[in-house]
Amino acid sequence: MAVVLKLKELREKHPDNPSQRVLGDVLGIAEANYRRLENGIAKSMTFEAIEKLCNFYDCTPNDFITVVNESDSKNA
């Protein structure tokens, strides 16, 4: 099992289409670090960051965090 973040999809569906820089600012991290989260390179995320994303998008973690089989995560 693997955890996959669907941050890019959530960002692209948002009516304001915020940039990665804006989301980095929301989370209080550099744009490059946000990009790593969005591309699945980063291996951790704080509960504080999850809460900030939920507040920004007015959603729940279920909207951007999924658990998939290892073989499926390469295709996600």
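**Strand E1, its partner and the core**

Me: In E2, which residue is the bridge partner of Val3?
Reply: This is a predicted model, where local features need pLDDT of at least 70, side-chain atom pairs count only at pLDDT 80 or more, and totals for chains, interfaces and linings use all residues. Residues are numbered from 1 along each chain as its sequence is written, and side-chain values use heavy atoms, leaving out hydrogens and water. Strands are DSSP runs (E, at least two residues), and helices are runs of H or I with at least four, numbered from the N terminus. E1 and E2 (residues 65-68) run antiparallel, joined by four bridges, and strands count as paired if DSSP finds at least two bridges; the partner of Val3 is Val67.

Me: Along E1, which side chains are buried?
Reply: Buried means under 20% relative accessible area, exposed over 50%, partly exposed in between (1.4 Å probe, protein chains only). The E1 side chains alternate, with Val3 and Leu5 pointing to one face and not buried. Pointing to the other face, and buried, are Ala2 and Val4.

Me: Which helix gives the most to the largest nonpolar core?
Reply: A nonpolar core is a set of buried Ala, Val, Leu, Ile, Met, Phe, Trp, Tyr and Cys residues joined through side-chain atoms within 4.5 Å. The largest has 13 residues, and Leu7, Leu27, Leu53, Tyr57 and Phe64 have the most contacts inside it. Helices H1 (7-13), H2 (20-27), H3 (31-38) and H4 (47-57) are the elements that each give two or more residues to this core. With five residues, the one giving the most is H4.
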